[in-house]
Amino acid sequence: MRIARLKLVARANEFFETCDGVDASFNAFTETHERFVLAIGKNHQSEAFGISFVSCVYLAGPTFWTRVQLRCKSIEDSDGELLYEVTDVAAGFVVRCDTIVIPTYDLTFACEWSRQLAG
């Protein structure tokens with residue numbers, strides 16, 4: 001199970017590294033789905049797009065910042081549930097969630113998948 005999680009986290013971080021240096025801003029929060037959307041600004045490689053964090057259990061930080069440097073790691077909550085924690089340490093941004101969706105790039109990182117892959 002740990003290897004599957006590490007592979008998903010590594011893939012997420014590879015993607016997040018392509019976003020380094022752009023602007024980020026709070027785009028939307030849907031309470032009924034516990035879904036937070038972070039808008040990522042345009043850079044030399046891409047147009048602006050959104051990153052959805054689904055089943056959020058924790059969210060803290062600014063509503064807008066520059067020079068993004070998002071990084072992801074796998075954590076377990078107090079009940080032993082697998083979560084992703086995405087941070088930008090310099091900005092003080094933290095979100096903990098079950099799933100990360102980047103529709104523009106057809107990417108989904110789900111903790112359920114890591115359980116299934118390990119199973």
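**Entry 1: the four-stranded sheet.** I looked up the sheet and found four strands in an open arrangement, ordered 4-8-7-6, with antiparallel pairing. Strands here are DSSP runs of E with at least two residues, and helices are runs of H or I with at least four residues, numbered from the N terminus. Two strands count as paired if DSSP finds at least two bridges between them. Strand 4 (58–60) and strand 6 (71–76) are the edge strands, each pairing on one side only. On average, neighbouring strands of this sheet are turned by 20° against each other, direction ignored. Such angles run from 0 to 180 degrees between N-to-C directions, with axes fitted to C-alpha atoms, for helices over the stretch in contact.

I noted that this is a predicted model, in which local features need pLDDT of at least 70 and side-chain atom pairs count only at pLDDT 80 or more, while totals for chains, interfaces and linings use all residues. Residues are numbered from 1 along each chain as its sequence is written, and side-chain values use heavy atoms, leaving out hydrogens and water.

**Entry 2: strand 6 and its neighbours.** I followed strand 6 to strand 7 (residues 82–88), with which it forms six antiparallel bridges. Cys-72 stands opposite Val-86 in strand 7. Helix 1 (residues 2–17) lies across strand 6 and strand 7, and runs at about 155° to strand 6. Contact means heavy atoms within 4.5 Å.

**Entry 3: strands 3, 9 and 10.** I then examined strand 3 (residues 49–54), which is joined to strand 9 (residues 99–102) by three bridges in the antiparallel sense. Val-54 is opposite Thr-99 in strand 9. Strand 9 also pairs antiparallel with strand 10 (residues 107–110), over four bridges. There Thr-99 stands opposite Ala-110. Strands 9 and 10 form a hairpin with four residues between them, and Asp-106 in the turn has a positive phi of about 55°.

**Entry 4: Gln-69.** Where is Gln-69 placed? I located Gln-69 in the loop between strand 5 (64–65) and strand 6. Gln-69 counts as partly exposed because its relative accessibility is 44%; buried means under 20% relative accessible area, exposed over 50%, and partly exposed in between (1.4 Å probe, protein chains only). Leaving aside residues up to four places away in sequence, Gln-69 touches Asp-20, Thr-87 and Asp-88. The C-alpha atoms of Gln-69 and Cys-97 are separated by 18 Å.

**Entry 5: Phe-26.** I found Phe-26 in strand 1 (residues 24–30). With a relative accessible area of 39%, Phe-26 is partly exposed.
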